[in-house]
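New to this one? Here's a quick briefing to read with the model open beside you.

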Amino acid sequence: MTIRQATSSDLDALAVLFDGYRVFYKQDSDLAAAKKFISDRLREQDSVIFIAENTEGDLMGFTQLYPSFSSVGMKKIWILNDLYVSVHH
């Protein structure tokens, strides 16, 4: 297994995972909207997405982090907002 930061070349497979994540949380499946949402995040660079990939190159899961700030720590922090592993893995 390899963990790496997602790129635009991962968009199609990542959108399928993201759609599965949303369905897990009782949302209607909408692959087109999932693809647009992930595409926007990658293009705008307003989140960081890490993916887990097996030795065959299949995406097994992802995590998405969003930047924020800690007033107490007076520094930038990352909020882990999404974490999903496909039921097949």
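Let's start at a turn: in the hairpin of strand 3 and strand 4, four residues lie between the strands, and Met-74 there takes a positive phi near 50°. Keep in mind that this is a predicted model. From that hairpin we can work outwards to the sheet, the helices and one residue worth a visit, Thr-63.

**The hairpin of strands 3 and 4**
- Strand 3 covers residues 59-70 and strand 4 covers residues 75-85, and the two pair in the antiparallel sense over ten bridges.
- If you want to trace the pairing by eye, try Gly-61, whose bridge partner in strand 4 is Val-85.
- Another pair to look for is Tyr-66, which stands opposite Ile-79 in strand 4.

**The chain as a whole**
- The secondary structure adds up to two helices and four strands.
- Reading from the N terminus on, the elements go β-α-α-β-β-β.
- The C-alpha trace spans about 40 × 30 × 25 Å along its principal axes.
- Of the 89 residues in the chain, 34% are buried.
- Take the contacts between residues at least 6 apart in sequence: 45% of them join residues at least 24 apart.

**The sheet**
- The four strands make an open sheet in the order 1-2-3-4, with antiparallel pairing.
- Strand 1 and strand 4 are the edge strands, each pairing on one side only.
- From one strand to the next, the twist averages 25°.
- As a general point, strands of a sheet pair through backbone hydrogen bonds, either parallel or antiparallel.

**Strand 2 and its neighbours**
- Strand 2 (residues 48-53) has five of its six residues buried, so it is largely enclosed by the rest of the structure.
- On one side, strand 1 (residues 2-5) runs antiparallel to strand 2, and four bridges join them.
- Thr-2 is a handy marker here, standing opposite Glu-53 in strand 2.
- Strand 2 also pairs with strand 3, in the antiparallel sense and over six bridges.
- In that pairing, Val-48 stands opposite Leu-65 in strand 3.
- Strand 2 and strand 3 form a hairpin too, with five residues between them, and Gly-57 in the turn has a positive phi of about 90°.

**A closer look at Thr-63**
- You'll find Thr-63 in strand 3.
- Is Thr-63 buried or exposed? Its relative accessible area is 14%, and since under 20% counts as buried, Thr-63 is buried.
- The side chain of Thr-63 reaches the backbone oxygen of Asp-82 at 2.9 Å.
- Leaving aside residues up to four places away in sequence, Thr-63 touches Val-48, Ile-49, Phe-50, Leu-80, Asp-82 and Leu-83.
- Gln-5 is 58 residues away from Thr-63 along the chain, yet their C-alpha atoms are separated by 9.6 Å.

**The two helices**
- Helix 1 takes in residues 11-24 and helix 2 takes in residues 31-44; their axes come within 8 Å and cross at roughly 115°.
- The crossing of helix 1 past helix 2 is right-handed.
- Which residues of helix 1 meet helix 2? They are Leu-11, Asp-12, Leu-14, Ala-15, Val-16, Phe-18 and Asp-19, and on the helix 2 side they meet Leu-31, Ala-34, Lys-35, Phe-37, Ile-38 and Ser-39.
- Sorted by class, this contact of helix 1 with helix 2 has nine nonpolar, one polar and three charged residues.

**How the helices sit on the sheet**
- To place the helices, go back to the sheet, whose edge strands are strand 1 and strand 4.
- Helix 1 packs on the sheet and touches strand 2, strand 3 and strand 4.
- The direction of helix 1 makes about 75° with that of strand 3.
- Helix 2 packs on the sheet as well, touching strand 2 and strand 3.
- For helix 2, the angle with the direction of strand 3 is about 50°.

Methods:
Residues numbered from 1 in each chain as written. Predicted model: local features only at pLDDT ≥ 70, side-chain atom pairs only at ≥ 80, totals over all residues. Heavy atoms only, no water. Axes fitted to C-alpha atoms, helices over the stretch in contact; angles between N-to-C directions. Left-handed = near helix turned anticlockwise from the far one by under 90°. Contact = heavy atoms within 4.5 Å. Nonpolar A, V, L, I, M, F, W, Y, C, P; charged D, E, K, R; others polar. Pairing = 2+ DSSP bridges. Buried < 20%, exposed > 50% of the residue type's maximum accessible area, 1.4 Å probe, protein only. Polar contact = N/O pair within 3.5 Å; in protein donor to acceptor, adjacent residues only side chain to side chain.
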